[in-house]
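Reader: Hello! Please pick one part of this model, take me through it closely, and then show me how other parts look by the same criteria. I work with cut-offs every day, so please give me each one as you go.

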Amino acid sequence: LVTYATYAAMCVEQTTTIPVSTNDKEAKEEHCCLHFMAIGDFGEPTDEVGEVAEAMAYVAENQHRAPSFVLTLGDNFYPDGVESVDDELFQKAWRDVFLCHRSLRIPWRVCLGNHDVYGNAQAQIDYTDSVYNTGGFWQCPSNNYEFSVPCEALDGSSTLFTVAFFCLDTNGCQ
């Protein structure tokens, strides 16, 4: 079995023109940047995945703005998902590999992949509200869900717009 793990630090940058008075002729440009990480196919505690976790932690610690969350793209646990909310894979393949880095103790917005549904996909959903989810970092409220993140002006003075994300479990699609 070959495990592929990738990471990315992403920045959604938007320039928005905002009126600074009731007179629409006067306006200023505002810049917004939303930082998050995305990772997929990370569900096996190998040395290579550990190296990816270290690289993610390095990026998170050394950017001018820390990521708001990690978006998982599926295949969170190999080879056949997890069995229950107390499955040792949550500890061995996620907490011990990623959350040992303080900078990665941020919300993990979880999408399910085909290897996740080979097991008990509901257990990953139930883990969200489980007593085992110390810190509440694992966030997978449903097979399909959306969440929104406000994109604030770089100076933090206002929310310029909101970015919507959709986690879709396409495993049942034919």
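Author: Happy to! Helices here are DSSP runs of H or I with at least four residues, strands are DSSP runs of E with at least two, and both are numbered from the N terminus. This is a predicted model, in which local features need pLDDT of at least 70 and side-chain atom pairs count only at pLDDT 80 or more, while totals for chains, interfaces and linings use all residues. Residues are numbered from 1 along each chain as its sequence is written, and side-chain values use heavy atoms, with hydrogens and water left out.

With that settled, the protein has four helices and seven strands, in the order β-β-α-β-α-β-α-α-β-β-β from the N terminus. Taking contact to mean heavy atoms within 4.5 Å, residues 24 or more positions apart make up 70% of the contacts with a separation of 6 or more.

The part I would pick is the hairpin of β6 and β7. Strands pair if DSSP finds at least two bridges between them; β6 (residues 145-152) and β7 (residues 159-167) are joined by eight and run antiparallel. Phe-147 has Phe-165 of β7 as its bridge partner, and Glu-152 stands opposite Thr-159 in β7. Six residues lie between the two strands, and Gly-156 in the turn has a positive phi of about 75°. The two faces of β6 are worth colouring separately: Tyr-145, Phe-147, Val-149 and Cys-151 form the covered face, whereas Glu-146, Ser-148, Pro-150 and Glu-152 form the uncovered one.

For burial elsewhere, buried means under 20% relative accessible area, exposed means over 50%, and partly exposed lies in between (1.4 Å probe, protein chains only). By that criterion, 44% of the 174 residues are buried. Met-37, which lies in strand β2 (residues 27-39), counts as buried because its relative accessibility is 1%. Its C-alpha atom is 8.4 Å from that of Thr-72, although the two residues are 35 apart in sequence.

Next, the helices. The expected span of a helix is 1.5 Å times one less than its number of residues. Helix α1 (residues 47-62) has 16 residues and should therefore span 22 Å, which agrees with the 22 Å between its end C-alpha atoms. The buried residues of α1 include Val-49, Val-52, Ala-53, Met-56 and Ala-60. An α-helix has 3.6 residues a turn, so residues three or four places apart point the same way. Helix α2 (residues 88-99) has buried residues too, among them Leu-89, Phe-90, Ala-93, Trp-94 and Val-97.

A polar contact is a pair of N or O atoms within 3.5 Å; within protein, one must be able to donate a hydrogen and the other to accept it, and residues adjacent in sequence count only if both atoms are side-chain atoms. At the start of α2, a side-chain oxygen of Asp-87 comes within 2.9 Å of the backbone nitrogen of Leu-89. In the loop between α2 and β4 (108-110) sits Ser-103, which counts as buried because its relative accessible area is 17%. The side chains of Ser-103 and Glu-61 share a polar contact of 3.3 Å. Setting aside neighbours within four places in sequence, Ser-103 is in contact with Ala-57, Ala-60 and Glu-61.

Finally, the cysteines. With a disulfide taken as a pair of cysteine sulfur atoms within 2.5 Å, a search of the whole structure finds zero. Cys-100 counts as partly exposed because its relative accessibility is 46%, whereas Cys-111, at 12%, counts as buried.
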